[in-house]
Amino acid sequence: MKVIVTAIPGVLIIEPKRFGDARGFFMETYEFERYAGAGVKRPFVQDNLSRSAHGVLRGLHLQNPGPQGKLVTVFRGRVLDVAVDVRRRSPTFAKHVAVELDDETRRQLWVPRGFAHGFIVLSDTADLFYKCDAPYSPKDEIAVRWDDPTLNIDWKIAQPRLSVRDAAAPVLAEITHLPYYDAADL
């Protein structure tokens with residue numbers, strides 16, 4: 001696999017090897033030792049699958065306390081996937097990485113603990129699969145406003161379809177219970 005280091009330490013773009021012929025293809029989407037060697041070291045405890053229609057934006061979400069790291073893959077369709085550093089005292093606080101993930105390249109995005117995560121569907125529909133290194137905890141969930149001007153995220157779609165909760169989420173500056181930067185979490 002190929003690992004692409006991004007401008008934010010710990011956030012990785014991973015390109016698994018694909019082996020294909022006229023019949024189709026085969027690829028490993030995860031193997032513990034290989035991913036641990038790339039920096040994805042915690043064991044995964046939960047898998048999630050999300051299907052969304054064109055223009056649906058889900059996020060930006062994180063958990064604190066009880067943070068989750070996420071390995072994101074698109075099984076069908078195309079999305080713009082975004083990881084935002086929301087760790088107080090981080091040298092890259094409020095910066096983000098945005099990458100297109102699709103069912104052709106099968107790229108993955110590793111979103112470490114302490115990052116808000118969100119995506120918008122650019123194709124007719126998309127199936128987004130992600131492995132989590134901690135279980136979902138509703139009491140710990142935080143939503144950050146998707147169009148917070150301090151984040152300066154180009155979502156590629158001007159009028160996304162949002163849940164009521166995501167549409168009403170506060171901007172980053174209004175959230176008082178954000179995680180703190182700890183290099184050991186990468």
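Visitor: How do the residues in the lining of the largest pocket divide into nonpolar, polar and charged?
Guide: Bear in mind that this is a predicted model, where local features need pLDDT of at least 70, side-chain atom pairs count only at pLDDT 80 or more, and totals for chains, interfaces and linings use all residues. Ala, Val, Leu, Ile, Met, Phe, Trp, Tyr, Cys and Pro go down as nonpolar, Asp, Glu, Lys and Arg as charged, and the rest, Gly included, as polar. On that count, the lining of the largest pocket comes out as 10 nonpolar, 10 polar and five charged.

Visitor: Which residues come closest to the centre of the largest pocket?
Guide: The largest pocket has a volume of about 390 Å³ (space filled by probe spheres set on grid points joined across faces, edges and corners). Its lining runs to 25 residues, and closest to the centre are His61, Lys70, His117, Tyr130 and Glu141.

Visitor: Which strand gives the most to that pocket lining?
Guide: Strands here are DSSP E runs of at least two residues and helices are H or I runs of at least four, numbered from the N terminus. Strand S5 (46-53), strand S6 (57-63) and strand S11 (115-121) each put in at least two lining residues. With five residues, the top contributor to the largest pocket is S6.

Visitor: And the largest cavity, which elements give two or more residues to its lining?
Guide: On a 1 Å grid over the protein atoms alone, a cavity is where a 1.4 Å probe fits but can't get out; a pocket is an open set with protein on both sides within 12 Å along at least five of seven lines, and lining residues have an atom within 4 Å of a point. The structure holds one cavity of 30 Å³ or more. Thr29, Tyr30, Leu71, Thr73, Gln108, Phe129 and Lys131 line the largest cavity. The elements giving two or more of its lining residues are strand S7 (70-76) and strand S12 (125-132).

Visitor: How much space lies in the largest cavity?
Guide: Its lining mixes three nonpolar, three polar and one charged residues. The space inside is about 30 Å³.

Visitor: What radius of gyration does the protein chain have?
Guide: The chain has two helices and 13 strands, and its C-alpha trace spans about 55 × 40 × 30 Å along the principal axes. The globule rule, over C-alpha atoms, is 2.2 Å times the number of residues to the power 0.38. For 186 residues a compact globule would be near 16 Å, which agrees with the chain's own value of 16 Å.

Visitor: Where does residue numbering start, and which atoms do side-chain values use?
Guide: Numbering follows each chain's sequence as written, starting from 1. Hydrogens and water are left out, and side-chain values use heavy atoms.
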